[in-house]
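Visitor: I am new to this structure and would like a close look at a single part, the place where two domains of one chain meet. Please take me through it slowly, and then show me what surrounds it.

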There are 2 protein chains.
Amino acid sequence: MVVGELAHERELIIIGGGPGGYQAAIRAAQLGQSVTLIERAELGGVCLNRGCIPTKVFTEGANRLASIRKAGQFGIESDSIHFNLHTLQTHKEKTIHQLREGIAALCKANKVELLSGSAFFLAEDRIGVENGDQYAVYRFKHAIIATGSIPFIPKGIEIDHKRIVDTWSITKLETIPETLIVYGYDYIALEMAMAFSVFGSRVTLIIEKNDFPFDHSINREIKRVFKKNGIKILRNTAISAAFADRNRVSINLENEVLTCTHLFVSTGQKPNTDNLGINRIGIEMTSSGFIQVNKQCLTSIPSIFAVGDVTEGPALAVKAIRQGKVASEAIAGISSEADFSFLPTIAHTLPPIASVGLTEQEAYEQGYQINVGQFPLSSSGIAAISGERDGFIKVIIDKESQLFLGLHMMGYGAVELITSGVFSLEMAARDEDWLFPTYPHPSINEGMLEAVESIKKQAIHILPPLRNEIYKV
Amino acid sequence: MVVGELAHERELIIIGGGPGGYQAAIRAAQLGQSVTLIERAELGGVCLNRGCIPTKVFTEGANRLASIRKAGQFGIESDSIHFNLHTLQTHKEKTIHQLREGIAALCKANKVELLSGSAFFLAEDRIGVENGDQYAVYRFKHAIIATGSIPFIPKGIEIDHKRIVDTWSITKLETIPETLIVYGYDYIALEMAMAFSVFGSRVTLIIEKNDFPFDHSINREIKRVFKKNGIKILRNTAISAAFADRNRVSINLENEVLTCTHLFVSTGQKPNTDNLGINRIGIEMTSSGFIQVNKQCLTSIPSIFAVGDVTEGPALAVKAIRQGKVASEAIAGISSEADFSFLPTIAHTLPPIASVGLTEQEAYEQGYQINVGQFPLSSSGIAAISGERDGFIKVIIDKESQLFLGLHMMGYGAVELITSGVFSLEMAARDEDWLFPTYPHPSINEGMLEAVESIKKQAIHILPPLRNEIYKV
């Protein structure tokens with residue numbers, strides 16, 4: 001840029017139209033800011049276009065297909081069931097399109113200016129935006145960086161988006177893999193392993209670590225349920241290289257070569273901060289390469305905020321959303337805070353997983369004396385009706401204070417029930433806060449009560465010996 | 001009984017093996033009581049054998065059938081779908097049998113003595129039990145009456161269990177009714193109207209009152225969703241008489257005669273207290289014919305407690321269960337209380353309904369100044385994915401204290417989400433307790449946040465004008 005070149009004046013510029021960026025934009029507009037949102041690709045970001053939403057269309061499809069296969073006992077008979085991946089893709093595209101249009105309409109209604117292009121900082125108060133031949137400079141009072149992340153791919157693996165796919169291309173496959181190896185253990189890895197297993201792929205899940213990242217009871221139940229569904233799991237195993245030819249993928253492990261028709265790599269995300277010019281203006285980074293922010297999402301430069309996957313912490317939309325709102329509120333002079341002490345994590349597997357607060361392992365590591373209560377859904381009346389009897393509800397309670405420390409579930413309804421756990425943590429609930437209320441009958445919710453009751457040896461639907469065993473944990 | 005006749009000595013006798021009775025029995029056994037449970041028919045009572053559970057097998061079947069019909073967009077193709085009522089009946093019987101065996105096993109493991117027979121009080125400490133030719137007398141220290149309820153059938157209607165059915169026989173129909181009239185507006189009426197509509201019956205719902213018993217937003221959504229499903233609703237309409245012949249049922253309304261192939265009457269329950277001998281021993285009754293109890297479920301006789309549908313209040317298993325435990329705890333000297341201020345009510349309709357706390361109408365009637373927040377599921381990302389876009393989440397907040405007063409939902413996940421509302425009421429949550437936490441993405445749970453945010457004009461996914469309208473409510 002030539003000094004003296006005309007710069008357009010803007011109040012708040014947000015770079016990136018993912019969940020963090022667009023929710024920050026709308027929140028800021030609600031608070032009276034004049035907002036410009038710059039997106040180089042599509043509104044909705046990774047979450048809507050390539051992450052959460054497309055994979056959830058696939059898990060929903062898998063959920064329905066699995067449900068239909070078990071529908072015979074409910075008197076539902078069908079001559080033959082075919083699964084058409086192409087139709088599911090169409091529904092995915094339609095859903096994404098519709099949600100994207102929704103975001104655009106919300107932006108318009110909130111008078112958020114939308115700009116297409118790639119943005120990069122020129123100074124602490126100036127940004128350049130390039131869109132093909134077009135180039136413009138904007139001067140801003142405040143900016144929010146919400147450029148998200150891109151898949152992190154280990155060395156030795158090259159994504160070709162055909163046989164070796166990442167979280168961006170797994171939902172674009174044109175055929176159902178005959179043999180699918182899934183590399184990783186995040187929620188998308190688990191979801192896609194389960195979904196493609198339901199669609200008919202022979203699935204192997206490879207994880208580098210010794211186990212999954214959840215409470216050990218969930219980790220055990222994942223292994224049991226995945227095995228029951230024919231999904232193989234290789235633990236403590238790293239892929240050193242993977243090559244695709246026309247017909248298959250060869251995968252090098254330490255002492256072994258595996259082959260499959262498709263490899264899905266879901267080994268995490270890395271912040272998308274290249275070409276943003278943040279080095280030029282000297283924004284401080286953390287040692288692991290994220291943008292350093294405080295609890296109000298302010299960077300080391302007083303006019304620039306950063307939210308979502310470019311900041312330290314789990315690369316989850318829920319984090320970006322909250323941070324986006326907090327940043328916009330901070331800019332408007334409202335001192336809210338992004339606090340992720342009680343961030344719920346979920347996976348839309350079959351059955352789903354949901355977790356919040358301390359795991360049993362973490363509680364011990366942090367020196368708590370704890371009581372652990374657990375209720376198996378196999379003892380639930382509503383699970384007997386639906387036939388969805390896998391899973392459990394587990395609570396962690398501090399022995400001394402009786403304070404609720406964590407809720408870990410795998411099973412039908414887990415995603416919706418988890419907010420009860422979030423509220424319990426936020427409101428500092430004690431075991432008595434779970435023992436006193438009533439729970440609708442019949443419902444999975446009743447299992448939450450019995451999980452806490454099991455600690456006190458007063459669960460009704462757990463046989464006395466098992467009750468004692470759990471108490472001893 | 002002849003004076004001096006031998007009476008067997010027992011510590012605690014419980015009459016009735018429904019959810020209130022068997023859970024009281026197990027709780028008492030946990031607390032060291034020696035327990036005898038008397039049931040004249042089948043363990044599990046009305047709830048398991050003739051109420052909650054059988055109807056839930058039907059709603060689950062309807063749910064799956066409706067889901068399969070909408071599965072095409074997810075790429076699931078099937079040549080033809082048949083529904084076989086007989087198979088569903090078999091699943092129902094199997095489920096009931098399995099749950100009944102489960103209760104028997106729990107009783108055995110807890111050393112609860114099971115007696116078959118009809119019981120009636122002889123004195124404040126003695127009971128007779130008749131089983132065919134057998135007759136025995138038991139002396140007890142304490143007794144709990146948990147004999148439940150039977151359907152209340154309005155005058156002029158005679159249940160023949162073939163064409164005119166009640167909540168006990170609706171799930172035993174041998175064919176799918178061609179035209180089904182449902183009389184009543186309780187949760188079973190709504191559930192069966194919806195389920196049989198999905199199974200293929202032409203359904204008309206007749207309710208005596210002007211509207212359904214929920215928050216007015218739920219009432220409105222029921223009407224909209226039922227209409228969309230082809231279910232007719234006649235309000236302010238009473239049936240004065242109904243007659244069945246071989247082929248059809250004639251129904252007399254005030255100025256009209258309707259005909260249908262089947263009539264289902266679900267107009268409430270009445271306490272099952274006849275032939276119990278409770279008049280003989282002078283147990284006090286309420287003016288509406290229920291057994292009078294205090295908060296510990298003690299009757300006017302210090303050795304006798306009563307729980308469940310024989311006591312005042314909604315005829316719901318959740319109430320019986322809690323009362324059963326409270327009575328057993330009271331007998332063991334633990335002073336717990338049955339408090340139903342925040343009793344959740346649910347209906348497993350399509351989509352489900354769940355409600356807890358004050359409705360908007362009740363809040364106004366009780367003189368509250370309130371804020372009402374509402375989020376339509378049509379604006380939810382996860383609902384766009386699943387296509388289940390009917391319904392909403394509605395919160396009622398006290399304007400002055402910001403205390404949470406009620407949660408009312410219709411929509412996918414409502415049953416599981418309602419416990420968040422129960423906890424919020426029990427723990428005296430304020431709006432900020434819903435605004436501060438994070439909600440998993442994508443999930444229906446996020447709609448709870450937006451419902452509260454809508455009050456503060458800060459919901460992200462509600463267009464600004466609509467946001468204002470809601471604010472004015």
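**Where two domains meet**

Guide: In this predicted model, twelve residues of domain 2 of chain A are in contact with 16 residues of domain 3 of chain A. To place these two parts along the chain, it helps to know that chain A is divided into domain 1 (8-150 + 270-331), domain 2 (164-267) and domain 3 (351-472). The C-alpha centres of domain 2 of chain A and domain 3 of chain A lie 30 Å apart, and between them the two domains bury about 1,000 Å², with 61% of that area on carbon and sulfur atoms. On the side of domain 2 of chain A, the residues that lose the most area to domain 3 of chain A are A:D215, A:I218 and A:E221, which together account for 45% of what that side buries.

Charged side chains also take part in this interface, where the rule finds three salt bridges between domain 2 of chain A and domain 3 of chain A. A salt bridge is also formed by the side chains of A:R224 and A:D390, with 2.8 Å from N to O.

From chain A we can pass to chain B, since a rotation of 180° with 0.0 Å of shift along its axis superposes chain A on chain B, with an RMSD of 0.0 Å. This is the relation of a two-fold axis, and the same surface serves both copies, as 100% of the contact residues of chain A recur in chain B. Of the residues of chain A, the one that comes closest to the rotation axis is A:S420, whose C-alpha is at 2.2 Å.

In chain B, we can follow an open sheet of five strands, which pair in parallel and have the order β10-β17-β11-β12-β13. Its edge strands are β10 (164-165) and β13 (232-234) of chain B, each of which pairs on one side only. Towards one of these edges, strand β12 (residues 202-206) of chain B runs parallel to β13(B) and is joined to β13(B) by three bridges; within this pairing, B:L205 has B:I233 as its bridge partner in β13(B). Helix α5 (residues 187-199) of chain B lies across β11 (179-183), β12 and β17 (262-265) of chain B, and the helix runs at about 165° to β12(B).

Definitions and conventions. Residues numbered from 1 in each chain as written. Chains lettered and ligands numbered in written order. Predicted model: local features only at pLDDT ≥ 70, side-chain atom pairs only at ≥ 80, totals over all residues. Heavy atoms only, no water. Pairing = 2+ DSSP bridges. Helix = DSSP H or I, 4+ residues; strand = E, 2+ residues; numbered from the N terminus. Contact = heavy atoms within 4.5 Å. Axes fitted to C-alpha atoms, helices over the stretch in contact; angles between N-to-C directions. Least-squares fit on C-alpha atoms with pLDDT ≥ 70 in both. Domains from an automatic or database assignment. Buried area = accessible area lost by both parts, 1.4 Å probe. Salt bridge = Lys/Arg side-chain N within 4 Å of Asp/Glu carboxyl O.
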